[in-house]
Amino acid sequence: MSIESLREYCQAKPGVTEHFPFDTVTLVFKVGGKLFALAGIDNHPLRVNLKCDPEVAMQLRAEYDAVQPGFHMNKTHWNTVLADGSIRDAQLRDWIDHSYELVKQSLPKRIKESLMVIDCHW
């Protein structure tokens, strides 16, 4: 997966915004104002930090060498995934979906409801 395909995939989700809050090379994706993915635009291969259920995070780290504790993140809730070709893009998209859904579920009810309205208009 490239940074361009990551960006396209994340932006297609309801209510997603993108930002560069830290510097000019770290692209951050948010839903409802909360971070669910971030990646360095200059990293080759792509590295993306994704939120993850803590139990699932441990399983993924044990199963995949390309999945590590989240770099500069809470290591319990975040993984850094190296898109080095050892993980299929479809699997990475599933993990992006998981991250997005975890964050979306944590949002206040009114924000979740507004995302449902956005999703209905797609």
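**View 1. Strands β2 and β3 form an antiparallel pair joined by six bridges.** Helices (H or I, at least four residues) and strands (E, at least two) are DSSP runs, numbered from the N terminus. Two strands pair if DSSP finds at least two bridges between them. This is a predicted model, in which local features need pLDDT of at least 70 and side-chain atom pairs count only at pLDDT 80 or more, while totals for chains, interfaces and linings use all residues. Residues are numbered from 1 along each chain as its sequence is written, and side-chain values use heavy atoms, with hydrogens and water left out. Phe 29 has Ala 37 in β3 as its bridge partner. Two residues lie between the strands in the hairpin of β2 and β3, where Gly 32 takes a positive phi near 60°.

**View 2. Strand β2 also pairs with β1, and the two run antiparallel.** Four bridges join β1 to β2, and a hairpin of six residues leads from β1 to β2. Two facing pairs can be located here: Thr 17 stands opposite Lys 30 in β2, and His 19 stands opposite Val 28 in β2. Five of the six residues of β2 are buried (under 20% relative accessible area, with exposed over 50% and partly exposed in between; 1.4 Å probe, protein chains only). Strand β2 is therefore largely enclosed by the rest of the structure.

**View 3. Six strands make up an open sheet with antiparallel pairing.** The order of the strands is β1-β2-β3-β4-β6-β5. Strands β1 (16–19) and β5 (67–69) are the edge strands, each pairing on one side only. From one strand to the next, the twist averages 25°. At the β5 edge, three bridges connect β5 to strand β6 (residues 78–82), and these two strands run antiparallel. Val 67 has Val 81 in β6 as its bridge partner.

**View 4. Ile 87 is placed in the loop between β6 and α3.** Ile 87 counts as buried because its relative accessibility is 8%. Leaving aside residues up to four places away in sequence, Ile 87 touches Tyr 64, Ala 66, Val 67, Val 81, Leu 82, Leu 92 and Trp 95; contact means heavy atoms within 4.5 Å. Val 67 and Val 81, listed among these contacts, are also the bridge partners of the β5 and β6 pairing. Lys 109 is 22 residues from Ile 87 along the chain, and the C-alpha atoms of the two are separated by 34 Å.

**View 5. Helix α3 lies across the strands of the sheet and packs with helix α1.** Helix α3 lies across β1, β2 (26–31), β3 (34–40), β4 (47–51), β5 and β6, and runs at about 40° to β4. Axes are lines fitted to C-alpha atoms, for helices over the stretch in contact, and angles run from 0 to 180 degrees between N-to-C directions. Helix α1 (residues 3–11) and helix α3 (residues 89–105) pack at an angle of about 40°, their axes being 11 Å apart. The two helices are therefore oblique to each other: angles under 35 degrees count as roughly parallel, over 145 as roughly antiparallel, 65 to 115 as roughly perpendicular and the rest as oblique. In this contact, Leu 6, Tyr 9 and Cys 10 of α1 meet Arg 93, Ile 96 and Asp 97 of α3.
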